[in-house]
Structures are given as C-alpha cells and as structure tokens.
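User: Can you walk me through this one? I'd like to talk packing, charges and odd backbone angles.

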Amino acid sequence: MVLLLHEPAWERQPREPQRAYQMFCRYREMGAQRRLEPLCQNYPLAQLSKWLNRWQWVERAAAWDQYLAMLWQQHYNNQQQHQQDVWRQRQEQWRETEWDYVRALQRKVDTILSLPVTRQRTVRDGKTVIIEPMNWSLGDVTQLVQLISELGRKALAPPQPAFRPLLTLLAERMSPDAYGELVRALQEFGQEGLES
C-alpha cells in the first residue's frame with residue numbers, strides 16, 4: 001500500500017502513531033548513515049522495518065535531506081549576495097574616490113596651465129633681462145592629462161558583472177554545445193554593452 005504523504009513529508013503524518021513518528025525522527029536525524037539497527041534498543045527490528053515501509057521513512061528522510069539542502073543553499077546564497085553587496089558598495093566608493101582624484105588632478109592641471117611658461121627677471125643693472133623656464137613643462141602637463149583621462153574612464157565605466165563563478169557552475173551542468181552557445185551569447189552581449 002502506497003501512503004499519500006502530507007506536506008511537509010518529514011512531519012507526523014495523519015494516523016501515524018506517536019511512537020512510530022518518534023522513531024522516524026531519530027532515523028531522520030541519522031543523516032546519510034541511516035540504519036535501523038541503532039534504533040533496535042527501543043523496538044524490535046521487525047517492528048521498525050514495518051514502520052519504515054508503512055510510513056515511508058526512506059522517502060520522508062530524503063525529503064528532509066532536500067529541505068535541509070535547500071535551507072543551506074538559501075543561507076549560502078544570502079551570504080554570497082551579502083558579500084557581493086559589500087564588494088559592490090566598496091567598488092562604488094572607490095569609483096567615487098577615483099572620480100575625486102580626477103577632479104583634483106584636473107584642477108591642478110588648470111592651475112599649471114594658467115601659470116606662465118617662463119619668468120623674467122631683471123639683473124641689478126636694470127638693463128639685462130633674464131628669461132628662465134618655470135619648474136614645469138608641457139610634458140608634465142601631458143602626463144597629468146593622460147593620468148586624468150585614464151582615471152576618468154575607469155571611474156566612469158560601468159561595473160562589469162562577475163560571470164566567472166556562474167559560468168564555472170553552468171559548465172559543469174550543461175552540455176558542451178549549450179554551454180558554448182551561452183558563452184558566445186554573453187560575449188556578444190558584452191561587446192554590445194561596451195559599444196553602447
């Protein structure tokens with residue numbers, strides 16, 4: 001006779017005797033090493049076998065295992081999401097800091113460019129004028145502008161999604177052809193995203 005299990009399957013079933021349910025709970029808590037022999041201290045093996053079959057302990061314990069695995073997966077996913085959120089926030093803060101550096105460097109370049117390239121001084125005789133270069137060159141300004149440009153592009157670039165862990169997981173679960181199509185589609189999407 002097949003018992004129609006009520007959900008959740010690991011809970012006490014209608015008309016299941018309390019003592020059978022108590023033994024099921026002990027059986028369920030054994031985990032992967034489930035056996036009836038350790039329970040024989042309370043009831044004969046024949047009685048336990050009868051309950052195991054009648055109340056579908058194996059199926060119910062498997063449902064319990066799946067439930068625990070689902071809870072663990074949810075916890076793991078929540079932890080991963082939290083870590084991603086923390087690092088996303090740190091990345092955003094760093095991008096803001098980089099942008100502040102860009103603006104500060106831009107102000108410095110503007111200040112340098114507003115200065116004269118040379119300075120003149122008159123010697124004591126009042127007739128001789130000496131023209132001297134300042135302590136900066138156009139090469140200095142060029143390097144600063146390049147640095148500003150690089151930092152600015154980096155600070156303004158949209159953050160890239162972290163597909164690597166997901167792709168590793170999918171590679172294990174998908175056929176090689178389907179995985180290849182997915183990777184090609186993501187590459188095309190990534191190129192379009194970079195161009196727009």
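Analyst: Sure, below we go through the cores, then the salt bridges, the surface and the backbone.

User: Before that, what kind of model is it, and how are residues numbered?

Analyst: It's a predicted model, where local features need pLDDT of at least 70, side-chain atom pairs count only at pLDDT 80 or more, and totals for chains, interfaces and linings use all residues. Residues are numbered from 1 along each chain as its sequence is written, and side-chain values use heavy atoms, with hydrogens and water left out.

User: OK, how many residues does the largest nonpolar core have?

Analyst: It has 18 residues. A nonpolar core here is a set of buried Ala, Val, Leu, Ile, Met, Phe, Trp, Tyr and Cys residues joined through side-chain atoms within 4.5 Å. Buried means under 20% relative accessible area, exposed is over 50%, and partly exposed sits in between (1.4 Å probe, protein chains only). Those with the most contacts inside the core are Phe 24, Tyr 27, Leu 36, Leu 39, Leu 48, Trp 51 and Trp 57.

User: Which helices supply at least two residues of this core?

Analyst: That would be α1 (18-28), α2 (45-54) and α3 (57-114). The biggest giver is α1, with six residues. Helices (H or I, at least four residues) and strands (E, at least two) are DSSP runs, numbered from the N terminus.

User: What do the buried residues of α1 pack against?

Analyst: They pack against α2 and α3. The buried residues in question are Ala 20, Tyr 21, Met 23, Phe 24, Cys 25, Tyr 27 and Arg 28. Take Phe 24: leaving aside neighbours within four places in sequence, Phe 24 is in contact (heavy atoms within 4.5 Å) with Trp 10, Glu 16, Trp 57, Arg 60 and Ala 61.

User: And is there a second core, or what else is packed?

Analyst: A separate core of eight residues includes Val 102, Val 109, Val 141 and Leu 151.

User: Back to α2. What does Leu 52 touch?

Analyst: Not counting residues up to four places away in sequence, Leu 52 touches Tyr 27, Leu 36, Trp 57 and Val 58. Leu 52 is in helix α2 and counts as buried at 16% relative accessibility. From Leu 52 to Leu 36 is 8.7 Å, C-alpha to C-alpha, with their positions 16 residues apart in sequence.

User: Switching to charges. How many salt bridges does the structure hold?

Analyst: Six. A salt bridge is a side-chain nitrogen of Lys or Arg within 4 Å of a carboxyl oxygen of Asp or Glu. One of them joins Asp 65 and Arg 34, at 2.6 Å from N to O. That pair links distant parts of the chain, since Asp 65 is in helix α3 and Arg 34 is in the loop between α1 and α2, 31 residues apart.

User: Buried or exposed, that Arg 34?

Analyst: Arg 34 is buried, with a relative accessible area of 16%, while Asp 65 counts as partly exposed at 33%.

User: Any pairs inside one helix that I should look at?

Analyst: Two, for instance. Arg 88 and Asp 85 meet at 2.8 Å, N to O, and both lie in helix α3, three residues apart, about one turn of the helix. Arg 88 is partly exposed at 46%, and so is Asp 85 at 34%. Then Arg 95 bridges to Glu 92, with the closest N and O atoms 3.2 Å apart. They are also separated by about one helical turn, because they sit three residues apart in helix α3. Here Arg 95 is buried at 19%, whereas Glu 92 is partly exposed at 37%.

User: Why does that spacing suit a pair on a helix?

Analyst: An α-helix has 3.6 residues a turn, so residues three or four places apart point the same way.

User: Last topic, backbone. Which residue in the loop between α2 and α3 has a positive phi?

Analyst: Gln 56, in that loop, has a positive phi of about 50° although it is not a glycine. Most residues other than glycine have a negative phi. Gln 56 is buried at 11% relative accessibility.

User: And Arg 15, what is its phi?

Analyst: Near 70°, again a positive value in a residue other than glycine. Arg 15 lies in the segment before α1 and is exposed, with a relative accessible area of 75%.
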